[in-house]
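Subject: The structure we talked about

Hello,

Here is the structure I promised to pass on to you. Have it open while you read, and my notes on what I found follow below it.

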Amino acid sequence: METSALPDLRPARRCCVVLPTYDEADGIAVFLDRLLAATAGGDVDVLVVDDNSPDGTADVVRSHPAHGGRVRLLQRPGKEGLGVAYRAGFAHAVAVGYQVVVQMDADGSHSVEDLLPMIAGLDSADVVVGSRYVAGGATRGWPWTRRALSAAANLYARAVLRLRTHDATAGFRAWRSSAVHRAGLLATTSNGYGFQVESTWRAERSGLRVREHPIVFTDRTTGASKMDGAVAVEAFLSVARWRLGELTRHAGRGTSVAVPLSRP
Ligand SMILES: Nc1nc2c(ncn2[C@@H]2O[C@H](COP(=O)(O)OP(=O)(O)OP(=O)(O)O)[C@@H](O)[C@H]2O)c(=O)[nH]1
Ligand SMILES: [Mg+2]
């Protein structure tokens with residue numbers, strides 16, 4: 001009997017999905033179940049980075065049947081922002097030897113079905129960005145005000161920093177660990193959501209091959225958003241500061257612009 005040739009999306013590399021959490025106790029167990037099922041058979045583990053959530057998210061993770069196996073918990077002392085949590089999670093994942101690190105929201109907005117195709121995309125890229133702003137990508141469930149804010153933030157970041165990536169603020173990405181080092185992600189300075197733009201900028205300036213994979217972003221159905229005015233302002237000001245820094249260095253040296261890189 002002939003079998004049709006389906007693509008084998010099982011990753012050939014050890015992957016760690018880093019999930020930052022703050023007050024996600026309501027939805028995290030079901031989300032972990034879905035993530036583990038969608039990646040069963042692949043070499044994909046999960047690292048939850050929790051900032052001592054008052055709602056007991058860490059306890060829910062600890063009582064998950066896969067805790068201690070495919071699911072690990074990095075407990076931080078308190079809330080310091082998304083960027084700080086990602087740096088801690090990425091540092092841990094690359095230090096223990098994972099070859100691929102994925103960043104993903106833990107609130108269900110990012111679809112677990114996109115994980116294996118995005119990891120497979122690393123065969124011909126250094127970073128695969130789950131993009132809402134390429135053909136096939138979309139945002140579902142957001143009011144028009146939130147959609148407009150996201151689109152405006154993207155436009156602003158792309159225009160000011162001259163970025164090619166269409167979804168510069170994406171929170172769903174797969175990185176080769178070598179690319180994490182080359183882009184200097186562990187030396188990023190944003191504490192909040194600016195981390196997403198800073199890492200896009202560093203990836204492009206480091207000459208990494210960035211590929212976009214269309215995703216449908218769905219608004220969370222449990223828990224509450226942690227996005228607030230202060231993190232938006234931090235990101236807004238940082239973008240301007242980074243560009244100004246580039247232009248100043250450019251003018252000072254009369255050479256091509258570069259961002260500082262950290263090496264493993
Ligand atoms: N560890 C940690 N996780 C955080 C922090 N802030 C947000 N998160 C997590 O980061 C992910 C994204 O945060 P959200 O509040 O969903 O923000 P968003 O997805 O950009 O925006 P929404 O559409 O409003 O949900 C979620 O899994 C949050 O629990 C933080 O300070 N520390
Ligand atoms: Mg969210």
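The shell around ligand 1 is made up of 7 nonpolar, 5 polar and 9 charged residues. Please keep in mind that this is a predicted model. Which residues come nearest to the ligand? Of the 21 around it, they are Pro20, Ala85, Ala106, Ser225 and Lys226. Strand S1 (15–21), strand S2 (44–50) and helix H3 (82–95) are the elements that each give two or more residues to this shell.

Proline 20 is a good residue to click on next. It sits in strand S1, and it is buried because 27 other C-beta atoms lie within 10 Å, where 20 or more are needed. Leaving out residues up to four places away in sequence, proline 20 touches Val49, Leu82, Ala85, Tyr86, Gly89 and Ala106. Take the pair of proline 20 and alanine 85: they are 65 residues apart along the chain, yet 6.3 Å separates their C-alpha atoms.

Glycine 81 gives you another pair of this kind. You will find glycine 81 in the loop between S3 and H3. Is it buried or exposed? Glycine 81 is buried, with 21 other C-beta atoms within 10 Å. Beyond its neighbours within four places in sequence, glycine 81 is in contact with Asn191 and Gly192. Asparagine 191 is 110 residues away along the chain, but the C-alpha atoms of the two are separated by 5.3 Å.

Now zoom out to the whole protein chain. It has 8 helices and 9 strands, and its C-alpha trace spans about 60 × 50 × 40 Å along the principal axes. For 264 residues, a compact globule would have a radius of gyration near 18 Å, and the chain agrees with this because its own value is 18 Å. Buried residues make up 41% of the 264. If you take the contacts with a separation of 6 or more, 82% of them are between residues 24 or more positions apart.

What about the inside? The largest nonpolar core has 63 residues, and those touching the most other members are Val17, Val18, Val100, Val101, Val102 and Ile119. H3 supplies the largest share of this core, with 7 residues.

Helix H1 (28–38) is a nice one for learning how a helix can have two faces. Which of its residues are buried? They are Ile28, Phe31, Leu32, Leu35 and Leu36. These buried residues cover an arc of only 130° around the axis, so they lie on the same side of H1. An α-helix has 3.6 residues a turn, so residues three or four places apart point the same way. On the buried side, the packing partners of H1 are S1, S2, helix H2 (57–62) and strand S3 (71–75). Val30 and Ala37 are exposed residues on the face turned away from that side.

Let us stay with alanine 37 for a moment. This residue of helix H1 counts as exposed because it has 9 C-beta neighbours inside 10 Å, and 12 or fewer is the limit. Between alanine 37 and alanine 230 there are 37 Å from C-alpha to C-alpha, with a sequence separation of 193 residues.

Threonine 248 is another residue to look up, this time in helix H8 (residues 229–253). It is exposed, with 11 C-beta neighbours inside 10 Å. Its C-alpha atom and that of glycine 207 are separated by 21 Å, and the two residues are 41 apart along the chain.

Last, two backbone angles. Most residues other than glycine have a negative phi. Aspartate 23 is not a glycine, but its phi is positive, about 55°. Aspartate 23 is in the loop between S1 and helix H1, and it is partly exposed, with 18 other C-beta atoms within 10 Å. Arginine 162 also has a positive phi, near 55°. Where is arginine 162 found? It is in the loop between helix H5 (144–161) and strand S7 (173–176). Arginine 162 is exposed, with 12 other C-beta atoms within 10 Å.

Have fun exploring, and write back with any questions.

Best wishes

Terms used
Residues are numbered from 1 along each chain as its sequence is written. Chains are lettered from A and ligands numbered from 1 in the order in which they are written. This is a predicted model: local features need pLDDT of at least 70, side-chain atom pairs count only at pLDDT 80 or more; totals for chains, interfaces and linings use all residues. A residue is near a molecule or strand if its C-beta atom, placed from the backbone, lies within 6 Å of it. Helices (H or I, at least four residues) and strands (E, at least two) are DSSP runs, numbered from the N terminus. Ala, Val, Leu, Ile, Met, Phe, Trp, Tyr, Cys and Pro count as nonpolar, Asp, Glu, Lys and Arg as charged, and the others, Gly among them, as polar. The arc is that of the directions from the helix axis to the C-beta atoms. Two residues are in contact if their C-beta atoms, placed from the backbone, lie within 7 Å. A nonpolar core is a set of buried Ala, Val, Leu, Ile, Met, Phe, Trp, Tyr and Cys residues joined through C-beta atoms within 7 Å. The radius of gyration is taken over C-alpha atoms; the globule rule is 2.2 Å times the number of residues to the power 0.38.
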